[in-house]
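Please look at the model below with the following points in mind, taking them in order and keeping the sequence beside you as you read.

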Amino acid sequence: MTELKRTRDLMAAGMSRFEIAQAAREGTLQRVRRGVYASPSERTAEADHLLRVQATMPLLHPESVLSHVSAAVVHGLPVPWGELGTVHVTRPGNAHGRRDSGLFFHAGDLDGDEWVEVGDLRVTGLARTVADLARTMPYEWGVIVADNALHRGVLQRDALLEQIRRRPRLRGRSRARGVALFADELSESPCESLSRVQFDRLGIPKPVLQFEIRHGDRLIARTDFAWPDLGVVGEADGKAKYGELLKPGQTAADAVMAEKQREENIRAQGYRTVRWGWEEASHPDQLERRVRSALRPTVRRSA
């Protein structure tokens, strides 16, 4: 765990307030929150968020429980990076939620089986965390989070539905139930989950997920999406770049050539491939043009 340094600790080590402020401006100290610093390092957005959590929790009421986006980070669930600047906690009470200096307080009841201890942190359990996010985040992000939890096998749909039923007075319950029913454990990445939401909204025919293309007993490829009756498979490339998929000793050029050969093998089995990334999945008009253009020629030939 990264060691946090409070202003008083730095001053005790001989730094003045001016020197502390100057070090933060120059980047030799990273300001985590007011009065709390860390040594600069290459950290992910999620790791930076956990630093904020580490700096914040000791200042809060002992009954406060990490929740929503913050609980999602602890549980390893995907969340929008733009939401990681705020620490979210839930504490008992009937008041409305409020934001205060990098903190969002959610008021609400938590039974003993709705939170867990992860290390020295009190965190909402997986079912409660996914339900909270499905209620409060945009629908597509609710699906992304639920898909991830189901795919990893750390949460079952029935447990999520039961959690949603358990808190009928919380706002967003209907949306959360829709998320739980639409979620699919076969979605393997946020880009695939977002694409499924867009297909449903756009009225694009529902694809088969994780479609296996075989020649006899030999597996040729497994694709993210497929419309087998139309001879089209789809690949959502937002989950990784070639460099992140390299095998030991493999170069990026090797990976590109391997992917080209894979696509040739798919074509040899009578399927055409349509590809898109996070950018297209985030813009329904772009995704619709790309996918429908791939499906339309096959439809005309079979008419």
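1. I begin with D111, which is partly exposed, because its relative accessible area of 34% falls between the limits for buried, under 20%, and exposed, over 50%. Please keep in mind throughout that this is a predicted model.

2. The side chain of D111 meets that of R166 in a salt bridge, with a distance of 3.0 Å from N to O. This pair links distant parts of the chain, since R166 belongs to helix α7 while D111 sits in the loop between β7 (103-107) and β8, 55 residues apart. R166 is itself partly exposed, at a relative accessible area of 30%.

3. R166 also forms a salt bridge with the side chain of D113, at 2.6 Å from N to O. Here R166 lies in helix α7 and D113 in the loop between β7 and β8, so the pair ties together parts that are 53 residues apart in sequence. D113 counts as exposed, with a relative accessibility of 57%.

4. What is the place of R167? R167 is found in the loop between α7 (157-166) and α8 (173-182), and R167 is buried, with a relative accessible area of 17%. Its side chain makes a polar contact with the side chain of D111 at 3.4 Å. When neighbours within four places in sequence are left aside, the residues in contact with R167 are D109, L110, D111, E114, R128 and R173.

5. It helps to see these residues together, for a network of salt bridges links D111, D113, E114, R128, D132, R135, R166 and R167. A search of the whole structure finds 22 salt bridges.

6. Another salt bridge joins the side chains of R262 and E235, at 2.6 Å from N to O. This pair too links distant parts of the chain, with R262 in helix α10 (residues 252-268) and E235 in strand β12 (residues 232-236), 27 residues apart. Both R262 and E235 are buried.

7. Turning to the strands, β8 (residues 115-118) and β9 (residues 121-124) run antiparallel and are joined by 4 bridges, and V116 stands opposite V123 in β9. The hairpin of β8 and β9 has 2 residues between the strands, and in this hairpin G119 takes a positive phi near 65 degrees.

8. Finally, please check the backbone at H68, which has a positive phi of about 50 degrees although it is not a glycine. H68 lies in helix α4 (residues 68-75) and is buried, with a relative accessible area of 4%. Q210 likewise is not a glycine yet has a positive phi of about 50 degrees; Q210 lies in strand β10 (residues 208-215) and is buried, at 10% relative accessible area.

Conventions:
Residues are numbered from 1 along each chain as its sequence is written. This is a predicted model: local features need pLDDT of at least 70, side-chain atom pairs count only at pLDDT 80 or more; totals for chains, interfaces and linings use all residues. Side-chain values use heavy atoms; hydrogens and water are left out. Buried means under 20% relative accessible area, exposed over 50%, partly exposed in between (1.4 Å probe, protein chains only). A polar contact is a pair of N or O atoms within 3.5 Å; within protein, one must be able to donate a hydrogen and the other to accept it, and residues adjacent in sequence count only if both atoms are side-chain atoms. Contact means heavy atoms within 4.5 Å. Two strands pair if DSSP finds at least two bridges between them. A salt bridge is a side-chain nitrogen of Lys or Arg within 4 Å of a carboxyl oxygen of Asp or Glu.
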